[in-house]
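Reader: I am new to this structure and should be grateful for a guided introduction. May I put some questions about it?

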Amino acid sequence: FADTDGDGIGDLEGVRSHLNYLEALGVRTLWLMPVFPAFGPAGYDVTDFDSLTPEYGDAAALTALLDDAHARNMRVILDLPLNHTHRDHPWFVAAESGDTAARDRYTYRDEDPSDRWHPSATEGSYYAYFGPDMPDLDWTNAATRRVMETMFEAWLDAGVDGYRLDAVLMLVEEADEVEG
């Protein structure tokens, strides 16, 4: 939607340039697809929760969009994939390198009980509901929750009004689902 720099990808400035039109339509909330760097084009396999995909814009572009939307009494929410990261996310790279704290952010087991489990580079298997490139975060781990809560708060502090939580039903699977 609304590519302003000619790269074929809609961007934050493009959305901002259409706010008057959206306001005239009666739009009260803008729901942005994942804006975080990700491996795939849809943005659901995040590689960094703390920054923006450069093709969409930078922090100044997001601030300008938020300010202009808020001036029109519009809210802006981000689509936030919480269930997993991409395997190239620094946390998972560290986990697969043997970093115990990073490994604790994901769901690992000694055995490979089902087709949703994938061999780890170090030991055991990791759980990945959506496939081997998207390892599941372990939301039963307090450190995982804390780091994600810090990220939530940072985007809210930046002016985002809320989130659409993707795959929220998969955050903490039933024991028999994860166990195989």
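Reader: Why is E2 largely enclosed by the rest of the structure?

Author: The model discussed here is predicted. A residue counts as buried when its relative accessible area is under 20%. E2 is largely enclosed because, of its seven residues, the number that are buried is six.

Reader: In what order do the three strands of the open sheet stand, and is the pairing parallel or antiparallel?

Author: In general, strands of a sheet pair through backbone hydrogen bonds, in either the parallel or the antiparallel sense. In this open sheet of three strands the pairing is parallel. Neighbouring strands of the sheet are turned against each other by 25° on average, direction ignored. The order of the strands is E1-E2-E6.

Reader: Which strands stand at the edges of this sheet?

Author: An edge strand here has a single partner strand, so one of its sides is left without a neighbour in the sheet. The strands in that position are E1 and E6, the latter spanning 162–166.

Reader: Over how many bridges do E1 and E2 pair?

Author: Two of the bridge partners can be named. Thr29 has Arg75 as its bridge partner in E2, and Leu32 has Leu78. E2 comprises residues 75–81, and its parallel pairing with E1 extends over four bridges.

Reader: At about what angle does helix H6 run to E6?

Author: Helix H6 consists of residues 142–157 and lies across both E2 and E6. Relative to E6, the helix runs at about 140°.

Reader: Which element gives the most to the lining of the largest pocket?

Author: The largest pocket has a volume of about 260 Å³ and is lined by 13 residues. Helix H1 (12–17) and strand E1 (29–32) are the elements that give two or more residues to this lining. With three residues, the element that gives the most is E1.

Reader: How many residues of each class, nonpolar, polar and charged, does the lining of the largest pocket have?

Author: Among the lining residues, Phe1, Gly10, Val15, Leu32 and Met33 lie nearest the centre of the pocket. Sorted by class, the lining has one charged residue, one polar residue and, as nonpolar residues, eleven.

Reader: Is Gly10 buried or partly exposed?

Author: Gly10 lies in the segment before H1 and touches Phe1, Ala2, Asp3, Glu55 and Tyr56, not counting residues up to four places away in sequence. Partly exposed residues fall between the cut-offs of 20% and 50%. Gly10 has a relative accessibility of 21%, and therefore counts as partly exposed.

Reader: What separation do the C-alpha atoms of Gly10 and Met33 have?

Author: Both residues are among those nearest the centre of the largest pocket. They are 23 residues apart along the chain, and their C-alpha atoms are separated by 11 Å.

Technical notes
Residues are numbered from 1 along each chain as its sequence is written. This is a predicted model: local features need pLDDT of at least 70, side-chain atom pairs count only at pLDDT 80 or more; totals for chains, interfaces and linings use all residues. Side-chain values use heavy atoms; hydrogens and water are left out. On a 1 Å grid over the protein atoms alone, a cavity is a set of points where a 1.4 Å probe fits but cannot get out, and a pocket is an open set with protein on both sides within 12 Å along at least five of seven lines; lining residues have an atom within 4 Å of a point. Grid points are joined across faces, edges and corners, and a volume is the space filled by probe spheres set on the points. Ala, Val, Leu, Ile, Met, Phe, Trp, Tyr, Cys and Pro count as nonpolar, Asp, Glu, Lys and Arg as charged, and the others, Gly among them, as polar. Two strands pair if DSSP finds at least two bridges between them. Axes are lines fitted to C-alpha atoms, for helices over the stretch in contact, and angles run from 0 to 180 degrees between N-to-C directions. Contact means heavy atoms within 4.5 Å. Buried means under 20% relative accessible area, exposed over 50%, partly exposed in between (1.4 Å probe, protein chains only).
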